[in-house]
Amino acid sequence: MNTIRHQLASPLQLVVLATAGILLLPLGYVTAQALSADPAVWSRLWATRIPELLFNTVALAGSVSIITLILGVSTAWLVTRVEFPGRRLWEGALVLPLAMPTYVLAYVYSYLLGFGGPVEHFWQLVAGPQARVFSPHSYWGATLVMALDTFPFVYLLSRSALLSMNVSFEEVARASGVSRLSTLWRVTLPLMRPSIAAGIALVILYVVSDFGAVSLLRYQTLTYAVFQQMTGRSDNTAASILSLLLVVLALIFLITERWFRQRSRFYQTTGRYRSPQRRRYGWLGSIAVTGYLGLIVGAAFALPTSLLIQWSLSPEAQATLDSRFFGFVWNSGILAACAATGGVLIGLPLAYLASRRPTLLNLGCLQAAYAGYVLPGPVAALAVLVLFTKLAPVFYGSVLILIVAYVIHFLPAGLQSLEPALQQMSPNLEEVARTLGLGMRNTWQRVTLPLIRNGFVVAWVLMFLQTMKELPATLLLRPVGFDTLAIRVWMEASEEYYQLAAPSALLIVLLSLPALALLVSKDWRAA
Amino acid sequence: MPFVCAMPTVRQIILSSVIVLCAAWTFVPSAPAADSLTVYSGRSERLIKPVLDAFTATTGIQIELLSSGTTELVNRLKAEGDRTSADLLITNDAGSLELARTAGLLHPLNMREVERAIPAQFRASDNAWVGLSGRFWIIVYNTTMVKPDQVKSLLDLADPKWKDKIAIPNSGSEYLQAGVSVIRATHGDEKTTQFLQGLKINADSQVYQKSSQIVDAVAKGQVALGIVNHYYVYRHLAAQPGAPIAVIMPDQHEGGMGAIMNVAGVGIIKSAKHLDSAKLLVEFLVAQAGQKLFADLDKEYPLHQDVKADPALAERKSFRAALVPLSKLAELREATLTLIEQVGLR
C-alpha cells in the first residue's frame, strides 16, 4: 500500500497541481477583476439587476433539475427493467436530444409556440380565435427547452448505474419480502444516488452556463446578462461581478452534490454481473410505455429534427450549401475532437488522484477543474484571451487558444463521468494486481484503464458533443475565417431566418450522431 | 477480457488522441496572403458581405471577414494590440469608432477621395474613421393597430397607454446607447431617466437582440410599435411588400429634437499589415459605386452627396436630424451606460 502511494505521489501529483493551477487562472482573473471593482458598481448592480438575475437563474435551474430528474430516472428505469417491443430502439433514441443544441431547440420552439405559430393556430381552432398559448419567451418556455435538452444526462448516468448495479442487492430485498415498489424506493434508488446526483449536477451546470437558449428565448439569467455586459460595454467590470456571483452559485450546487455523494460511496466487488431481469408488461402497459417515451423523444428530437429537415430542403436553405459549408463542417468536427481529447487526457489524472488519494489537496485540485464550467463561456473566453496575449502571444490567433477555452469550459462534463467510474472501481483491485507482481504501468494498463473505459468513453463523447454545440466562447475566440456550424446557426437563428439556419443545425445534429451511437453501443456497456 | 475485441484499446485511444492534438497545430493560421484583407465587422454579415464581395470582384483582393458585435470587436482589438491580424474595422455606430480612435486603435488617413466624397460631419477630425452610410432611429408601427398621429416623439413611447405594446432593442445595442446619448444631450438626464423608466415598463419582456426581430413582431401584430433603425423596416417591406408596417419619423414637430441619426463607418487599424489594400477598400466604399450598394442593398442613406437613397425611403431633405454631433457620442457613452444600468434596462 505504502509503496503504491509513494510511487504515485511525485510525477502525477505534480501534473495534477500544474493542471489545477492553469485551470484556476481564468477564475482568478475574473475574481480579481470583480473584487477590485469600484464599490459603486457593486451597489448599482445590487440595486438594479442582481436580484432579478439571481432569482431567474436559480428558478430555472430548480425547475429544470426537477423535470430532468423525473424524465431521466423514469426513462432509464423503463428501458433497463421493463421488457416491451422496441425497447432496444428506445434505449438509443432517448440519448438523441444530446445531439440537439439548446439554441436549436429554442429556435424551433420559438417558432412552434411563438406568436402566430402553428401551435397557436391549432389551439385557436379548439379554444376560439382569441386563445393564446404560453409564450416560449418566458420562464416556462426556457424550462421546457432546457429540460428536454438536458434530461439525457440524468438518463445516461441512471441507466449506466442500473446496468452496472449488482442485482443481488435487489434480489435480497425481494427475497426478504419487500415489495417491488419498496425495493425500488429503498434499495435501487439509494444505490443510484451517486449517479443521479452526478447527472443533476451536470444538468444544473449546463443550465446555469447556457447562453444559446436563454438568449433566443430572451430569458434573463446571469450568463445571458454577462454576455450582454461583455458585448455591450467596453470594460467588463460588471460582467466580472456577475460572473463571480455565478461561480459562487455553482460552487454551492457542487459542494452540496459532493457532500451528498461522499455520504453514499459504494464499491462494486466484481467486474461482471448478470444483467437484471426485465419485467414483461401486457399490451396495454407496453402501449403506455411506448407512448410516454414517444412523447419525450418526439418533443425533444423527432419533431425538431423533422422541422429542420423540412427547412433545409427549402430553396432558400439550399442556396447556402456551397463550398464554404464544408469548411464549417470541418472546423466544427476537428475542434470538438481536439477539445474532447485534451479534456480526457487532462481530466483523468485529476479524477484518479482525487478518488484514490482524497487528500484535501487532491480534492481541491479536482474542484479547481470545475471552475471553467461555472465560468460562463464568454468570460472564460475573455480570460483565456487576455492570459494568452500576456503569457504566450505566439499562440494568439491560433486554434489552440480556442481549444484551451473549450477544455477549461467542458472538463467538468468529462469529470462527471470519469469520477463515478473511478469510484465504482474498488482500489482493492489495483492493490491485488500490485501484490501479484504487476508493475505500476501494467496495473494501469491491465486493470485500471479497462475497468474505467466506460467512463473514459462517455467523458470523451460528452465533451465532443458539448464543444460541437458551443457558442459564446467560439464567438469571442474564433480565429478569423474559422466559423463553425454553431456560429452559422446562431447568426441566422438570432434573426429568425429559420430556413437559413436549418442546414447548419441539421449538420450539427448529424455529426453528433456517430458519437452518440458510440455512447449507446452495447459493446462497452458495463461489462 | 471480452471487451477488448470490439473496441479500440485505451492505449490506441490515447495514441490517436495525441495524433489528433498534433494535427491541431497544423491549423495555426498561416500569415494571410499579400493580396488579402482581414476585416472585423460589427455589422450583420447579411448587410456587409455583398458589398465586400463586390470589392473582391472588382479588385481581386480576397477578404477574410469576422462578423461579431461592434463593442465586442473593439474589446478584441484592444486585447490583441499590435498582434491583431485585422486591417479594417467596420461598425454600425460612430460612437464606437470614435472610442476606438481615442484608444489609439485606428490609423489616421489623408485621402482626398474620402474628403471629397464624405461630408466632414460624418468623419473623424483626422479621418481615422469615415462614415459610410446614415441610419435613423425611427418608430415602426403596425398600421392596423396604431394611427400615425398617435405618436409624435420617441418620448411618447413612455406613455403608460403603450404598456405591453412596444418592442425595444436590448441595452447592449450600440444604436440604443447612441440614441439615449442624443436624448440626454437634448433633454437632460432627468427627463431621459423618466423616459427610459417608462420605456422599460412598457416593453417589459419585449426586449430583442436583433432589430429584424422587432420589425417582425410589429408586422405580426405581437406589438404595436417598436424602435429600430429605419432600414430594417424597408428591408422587411422589400421582402414582404404587403406587411402592415410603416415608419414614423419621430420628433419632427415644432421644437422637437429631430430624428436621431447615426452612421455605420470604417476605420483602418493602426497596425494594419496591408495598408495599401485597406486604403483601396475605403476608397471603394466611399466612391459612388460602393455608396450605391449601401443605398440599394441595405436601404441606408448614402453619405456621398451625389448618390440617391432608395426611392421607397423618406426623402432625406424632408425631415430634420438631431443636432448632436457624431463625435460627441463617444464622450457621452460612459455616462449613458451608467444611466441605462441605473434604470435597469435589460
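B:K299 is buried, because 24 other C-beta atoms lie within 10 Å, and a residue counts as buried from 20 such atoms upward. In this predicted model, B:K299 sits in the loop that runs between α11 (288–298) and β10 (301–302) of chain B. Its backbone also deserves attention, since the phi of B:K299 is near 65°, a positive value in a residue other than glycine. Most residues other than glycine have a negative phi.

A second residue of chain B can be read alongside it. B:D251 has a positive phi of about 60° and, again, is not a glycine. The loop that holds B:D251 lies between β8 (245–248) and β9 (260–268) of chain B. B:D251 is buried, because 25 other C-beta atoms are found within 10 Å.

From these two loops the view can be widened to the chain that carries them. Chain B contains 12 helices and 10 strands, and its C-alpha trace spans about 80 × 60 × 40 Å along the principal axes. Of the 346 residues of chain B, 52% count as buried. Where contacts in chain B join residues at least 6 apart in sequence, 77% of them link residues at least 24 apart.

Chain B is divided into two domains, with domain 1 made of residues 36–134 + 263–315 and domain 2 made of residues 135–260 + 331–343. Taken over C-alpha atoms, the centres of domain 1 and domain 2 of chain B are 26 Å apart. Where the two domains of chain B meet, 17 residues of domain 1 are in contact with 10 residues of domain 2. On the side of domain 1 of chain B that touches domain 2, the elements giving two or more residues are α3 (70–80), α4 (94–102) and β4 (129–142) of chain B. Of these, α4(B) gives the most, with three residues. The residues on this side of domain 1 of chain B divide into five nonpolar, seven polar and five charged.

Chain A is best approached through the confidence of the prediction. Its pLDDT averages 82, and 92% of the residues of chain A score at least 70. Among the elements of chain A, the lowest mean pLDDT, 68, belongs to helix α17 (residues 371–374), whereas the highest, 94, belongs to helix α13 (residues 283–312). Over residues 522–527 of chain A the pLDDT is below 50, and this stretch has 17 contacts in the model beyond near neighbours in sequence.

Helix α13(A) also invites a look at its geometry. Although α13(A) has 30 residues, its end C-alpha atoms are only 38 Å apart, short of the 44 Å that a straight helix would reach at 1.5 Å a residue. The same helix, α13(A), has a kink of about 60° centred on A:G298. Several residues of α13(A) are buried, among them A:V289, A:L293, A:I296, A:V297, A:A300, A:F301 and A:P304. Further along α13(A), the buried residues include A:L307, A:L308 and A:W311.

Elsewhere in chain A, A:S135 lies in the loop between α6 (118–127) and α7 (139–164). A:S135 is partly exposed, because 18 other C-beta atoms lie within 10 Å, and a residue needs 20 or more to count as buried. The C-alpha atom of A:S135 is separated by 55 Å from that of A:R446, a residue 311 positions away along the chain.

How values were computed:
Residues numbered from 1 in each chain as written. Chains lettered and ligands numbered in written order. Predicted model: local features only at pLDDT ≥ 70, side-chain atom pairs only at ≥ 80, totals over all residues. Helix = DSSP H or I, 4+ residues; strand = E, 2+ residues; numbered from the N terminus. Buried ≥ 20, exposed ≤ 12 C-beta atoms within 10 Å, placed from the backbone. Domains from an automatic or database assignment. Contact = placed C-beta atoms within 7 Å. Nonpolar A, V, L, I, M, F, W, Y, C, P; charged D, E, K, R; others polar. pLDDT = per-residue confidence, 0-100. Expected span 1.5 Å × (residues − 1). Bend = angle between axes of the 7 residues up to and from the residue.
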